[in-house]
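Biologist: I would like to learn how to read a protein model. Shall we take it feature by feature?

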Amino acid sequence: MGDLAKEINSKFINNKQKALVNIMYTGNWISSCQNEFFKSYGISPQQYNILRILRGAGEPLNVQVIKDRMIERAPNATRLMDKLCAKEFIERLPCAHDRRVVKIAITEKGLKLLASVPDDFNKDLIKNLTEEEAEQLSFLLDKMR
């Protein structure tokens, strides 16, 4: 088990400060692990999130709805979708009666990509936690927000 103070060679004024830094440090560690994992699929974790949102919706969505549902509310969501569109994982569907409205739909190719990603790809990130500890951690993070 790691010790944040030793890992970053720092001291903290109290446990609340240490917890906050630990959350940020762990968040960056998770992002790094996920970025590395998704490289072999040619997408980013944020793009994966967009694809999952579209698959879960079961219908085309407008861009704002997708942005609202994203885990990481990136200001570059449109750029992320441009890249997914270029790879033919999603498509833009213009509205017949209002040119300003565009819906986003996942393609068959996008669905196939999602099917190739194992559902439990994050399991190694939480392998050191028991079910009870994971429940407690989730509760505390919800409480913090």
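**Patch and core**

Modeller: Start with the helix that holds Leu141: Leu141 sits in helix H7. Helices (H or I, at least four residues) and strands (E, at least two) are DSSP runs, numbered from the N terminus. This is a predicted model: local features need pLDDT of at least 70, side-chain atom pairs count only at pLDDT 80 or more, and totals for chains, interfaces and linings use all residues. Residues are numbered from 1 along each chain as its sequence is written, and side-chain values use heavy atoms, with hydrogens and water left out.

Biologist: Is Leu141 buried, partly exposed or exposed?

Modeller: Buried means under 20% relative accessible area, exposed over 50%, partly exposed in between (1.4 Å probe, protein chains only). Leu141 has 31%, so Leu141 is partly exposed.

Biologist: Which residues make the core's best-connected members, those that touch the most other members?

Modeller: A nonpolar core is a set of buried Ala, Val, Leu, Ile, Met, Phe, Trp, Tyr and Cys residues joined through side-chain atoms within 4.5 Å. The largest one here has 23 residues; Ile43, Ile50, Leu51, Leu54 and Ile66 touch the most other members. Helix H3 (45-57) is among the elements giving two or more residues. H3 gives the largest share, five residues.

Biologist: What does Ala77 touch, leaving aside neighbours within four places in sequence?

Modeller: Contact means heavy atoms within 4.5 Å. Ala77 is in contact with Ile50, Lys67 and Met70, those neighbours aside. Ala77 lies in helix H5. Ala77 is buried, at 0% relative accessible area.
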